[in-house]
Amino acid sequence: MATNATGRSAIETPEEHFGFPSGTERRLVRWPSMLRYFQRLAEASDRLRYEELGVVDGQPLVLLTISAPDNLDREGELREVQSRLADPRRILEVADRQRLLQTGRCVCLITCSIHATEVGGVQMTPHLVHRLVTGEDPETLRILSEVVLLLVPSLNPYGMELVADWYERTLGTPYEGTPPPQLYHRFAGHDNNRDWFMQALPETRLVVERIHNRWWPHIVYDLHQMQPNGPRYVVPPFVDPYDPNVDALLQAQINQMGATIAAELTAEGKTGVATSIIFDAYSPSRAYQLYHGGVRILSEAASVRIATPITLTRDQLAETRGFEPRVSTQNHPLPWPGGTWTLRDIVDYNRITAWTVLDHAARYRDHWVRNFALVQERSVRRTSPYAYVVPPERMQRDPGTAVEMLRILQAGAVEVEQAERAFTADGVDFPSGSFVIRMGQPFGGFAKTLLEVQRYPDLQIYPGGPPRPPYDITAHTLPLQMGVSAVRVEAPFVAVLRPIPTVPLPEGGVVGAEPGAPSILIGSETNAGARLVNELFAAGAQVGRATTAVAVGDRTFDPGAFVITGAAVATIDRLARRLGCAAYAAAVPNQVQVQRLSRPRVGIYHSWRPHAIDAGWTRYVLEEYRFPHTVLRDRDVRQGNLRSRYDAIVLPMEGAKQILEGNSATGYPPEYAGGIGDHGAANLRRFVEDGGTLITLDAACEVAIRHLYLPVTNVLDGVRHEEFYSPGSLLRILIDPLHPVGWGFEREAAAMFVSSPAFDIRAATGVDTRVVAHYPLANQLLSGWIRGAERISGRAAVVDVAVGRGRVILIGLRPQFRAQTRGTYRLLFNALYASTLQS
């Protein structure tokens with residue numbers, strides 16, 4: 001980089017640095033090259049700071065902070081202003097509040113390309129950064145003076161490089177422009193933007209901890225892409241329903257910003273811009289800032305084939321969720337006439353939108369800062385409900401998961417307090433040690449939406465017509481998902497409470513030791529117990545499971561308790577303390593049958609389909625709980641000889657057609673085309689007949705039902721949405737706690753149902769079929785939305801079918817959904833353990 005007359009490095013344009021303009025057809029700026037450019041800009045400009053937040057899967061996750069030099073020099077002061085406005089309890093005088101409002105800058109966070117095939121966002125960023133660090137026009141200078149821009153050029157740099165590798169590999173071939181056959185996030189794939197309340201993924205945790213919870217942005221703008229044959233560009237307003245916990249002022253500001261963007265794009269002659277379609281703001285999984293004082297907006301550009309142009313006639317545009325892209329309407333006044341659509345088009349639309357957001361933030365800085373303060377002032381005055389109380393660990397069936405739930409709230413900046421003495425609230429007595437989450441706090445709305453039951457409205461596309469699909473799921477109640485007891489308290493109460501910065505794990509370790517006890521017992525009711533067992537397997541311990549309840553002293557263990565021998569007590573104690581899991585040294589009564597358990601050899605089927613997301617989440621959960629496993633691809637299943645290598649094979653949620661047929665041979669090279677086929681399905685049948693256990697999740701159950709000839713039917717197959725619909729709800733299931741798959745459960749649990757199957761069992765001679773869990777005759781809905789609940793009344797949800805010497809376990813729901821539904825993890829864990837359970 002050359003130097004200018006002042007001796008500072010001259011600033012290259014992106015085109016000079018990369019050798020081609022942003023958005024050039026069939027060209028992608030790679031992540032390492034982009035980072036070098038940003039680093040050089042930071043060296044040359046006092047308007048830009050470059051910060052590496054961390055390294056995830058080998059790629060740096062980067063934050064660029066852009067503002068006027070004097071703003072950057074007082075970054076700490078500006079963050080403190082935001083922190084105090086975020087918590088109005090820290091502002092004691094009107095004059096102090098006024099000073100903070102005048103001092104504060106509008107903090108704007110722009111995040112790009114979390115979905116790595118949606119490359120238009122990240123490819124736009126060099127142009128945006130260059131304009132901000134070099135511009136001397138009044139508009140740019142106003143933005144720099146009034147705004148602090150926090151720019152994350154890529155929320156998924158691992159995926160960005162994976163997509164670029166695949167795209168460059170397939171350039172000039174028949175497969176050019178297809179999405180890669182791997183997940184573009186190692187575990188979550190397209191679901192990586194559904195992690196904003198659970199924070200299971202490292203990228204989410206870094207961005208929340210290092211950006212959101214340090215700066216509390218007023219505006220979060222997230223750049224996306226969508227299907228190619230609808231509108232060219234979608235911006236807010238969002239459609240109904242909004243989560244009722246989103247402040248009305250934030251909704252109004254989103255509407256205002258969306259209308260401003262649409263007007264500016266239209267003024268620039270950009271066609272096909274639509275507002276108020278498709279996207280709602282109901283789920284917190286995609287909208288962290290809506291519960292932290294700021295707005296979250298998105299743009300969705302029509303996609304191309306990665307960086308390869310597409311050509312569409314007007315007649316090839318298609319209606320999408322009731323929106324007609326060929327018709328001019330008040331929320332889509334200038335339809336796109338058809339033609340060639342390119343990456344450059346996407347970059348241009350994104351560039352105009354990003355600049356409009358920044359310009360609006362600068363022009364109305366005082367409004368954004370004031371409105372943030374107003375939202376937060378309303379939040380600390382929230383009184384209904386007054387609080388939620390989470391009984392202490394000793395009163396929770398799974399104490400460790402209760403702590404995980406509280407820590408999830410704390411990661412979202414929710415204040416958790418603990419009672420030092422017993423107290424009474426709403427006429428209920430709570431013991432000392434209970435945890436209290438009061439709603440009148442800065443981010444009480446975040447706590448409320450995660451703790452309360454959702455009642456999603458019964459929306460229809462037209463009166464009397466089919467249901468209008470939500471954009472995401474309709475239920476996210478954490479206590480239900482995680483199997484944690486939490487009590488809603490309406491009226492204020494008096495209690496002696498102390499703040500808990502980080503809720504500690506339960507006290508684990510070996511307890512109740514009997515001198516010379518020959519075994520250690522671990523209860524079957526906790527997730528941490530499964531991880532402890534797996535770590536003990538790795539340490540060489542012998543493990544069994546008690547088939548009936550075990551009474552030891554004053555404690556009774558439910559059926560399925562793990563019985564550990566062959567490991568030093570000190571080793572067990574050390575591992576149990578680290579996991580917050582209790583283990584008990586005791587002799588198992590002679591009358592209790594203990595079945596030996598071997599460490600299961602697990603294969604996880606993962607197709608080459610680009611969006612085989614459930615397989616990624618399944619692998620994530622099994623890694624978290626230390627279940628060793630290998631990935632089975634289509635060829636592995638077709639190859640056969642499965643029983644010699646595996647005790648259990650898991651088919652994660654994927655449609656039978658996708659599993660059997662896989663990718664098209666015209667879209668992918670031969671090694672990635674085709675599914676398991678009939679031959680692979682026959683190999684799965686042989687695997688089970690030879691003594692293996694096939695575990696199928698949700699829609700994948702259809703493969704086992706059809707190809708292993710099970711006496712089971714899906715009663716919802718072919719049922720129209722007008723007759724039954726539940727697109728992501730928490731439903732009540734009744735579990736048989738005496739069945740090995742149901743060991744450790746109480747009779748009733750909440751399960752995530754996402755357009756899932758429900759089973760009817762047919763009598764079949766010589767076939768041992770047992771229902772492990774079923775839906776009740778009434779009151780199936782716990783949280784979310786269901787139509788036609790009578791269709792699943794009394795039907796089976798989890799079924800165990802004997803086939804030859806093996807078994808098929810149909811889990812017709814999502815027991816590990818997005819690493820959220822921890823209350824049903826053990827259905828999967830128990831099914832895996834059942835594969836090696838010996839009489």
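# Exercises on helix packing, cavities and backbone geometry

Thr618, Val621 and Leu622 in α18 meet Tyr825, Leu828, Phe829 and Leu832 in α23, where contact means heavy atoms within 4.5 Å. The model is predicted, and local features need pLDDT of at least 70, side-chain atom pairs count only at pLDDT 80 or more, and totals for chains, interfaces and linings use all residues. Residues are numbered from 1 along each chain as its sequence is written, and side-chain values use heavy atoms, with hydrogens and water left out.

## Exercise 1

Describe how α18 and helix α23 (residues 825–834) pack, and classify the residues of their contact.

**Solution.** Helices (H or I, at least four residues) and strands (E, at least two) are DSSP runs, numbered from the N terminus. Axes are lines fitted to C-alpha atoms, for helices over the stretch in contact, and angles run from 0 to 180 degrees between N-to-C directions. With their axes 12 Å apart, α18 and α23 pack at an angle of about 75°. Angles under 35 degrees count as roughly parallel, over 145 as roughly antiparallel, 65 to 115 as roughly perpendicular and the rest as oblique; α18 and α23 are therefore roughly perpendicular to each other. The contact of α18 with α23 divides into 6 nonpolar residues, 1 polar and no charged, given that Ala, Val, Leu, Ile, Met, Phe, Trp, Tyr, Cys and Pro count as nonpolar, Asp, Glu, Lys and Arg as charged, and the others, Gly among them, as polar.

## Exercise 2

Carry out the corresponding analysis for helix α10 (residues 248–267) and helix α12 (residues 365–380).

**Solution.** The axes of α10 and α12 come within 10 Å and cross at roughly 155°, and the two helices are therefore roughly antiparallel to each other. From α10 the contact takes Leu249, Leu250, Gln253 and Met257, while α12 contributes His367, Trp368, Asn371, Leu374, Val375 and Arg378. By class, the residues of this contact divide into 6 nonpolar, 3 polar and 1 charged.

## Exercise 3

Characterise the largest cavity and the second largest pocket by volume and lining.

**Solution.** On a 1 Å grid over the protein atoms alone, a cavity is a set of points where a 1.4 Å probe fits but cannot get out, and a pocket is an open set with protein on both sides within 12 Å along at least five of seven lines; lining residues have an atom within 4 Å of a point. Grid points are joined across faces, edges and corners, and a volume is the space filled by probe spheres set on the points.

A search of the whole structure finds 7 cavities of 30 Å³ or more, and the largest cavity has a volume of about 110 Å³. It is lined by 14 residues, of which Trp196, His212, Val220, Arg286 and Arg296 are the closest to its centre. The lining of the largest cavity divides into 8 nonpolar, 3 polar and 3 charged residues.

The second largest pocket holds about 1400 Å³ of space. Among its 49 lining residues, Val403, Glu404, Arg407, Ile408 and Ala411 lie nearest its centre, and α13 gives the largest share of the lining, 8 residues. This lining divides into 24 nonpolar, 9 polar and 16 charged residues.

## Exercise 4

Locate the cis peptide bonds from Asp240 to Pro241 and from Ser384 to Pro385, then assess confidence along the chain.

**Solution.** The bond from Asp240 to Pro241 is cis, with omega near 5°, and Pro241 is found in strand β7 (residues 239–242). The bond from Ser384 to Pro385 is cis as well, with omega near -10°, and Pro385 is found in the loop between α12 and β13 (387–390).

For confidence, pLDDT is the predictor's confidence in each residue, from 0 to 100; the chain averages 96, and 98% of the residues score at least 70. Over residues 2–8, however, pLDDT stays under 50. Where pLDDT is low, the predicted coordinates should not be read in detail.
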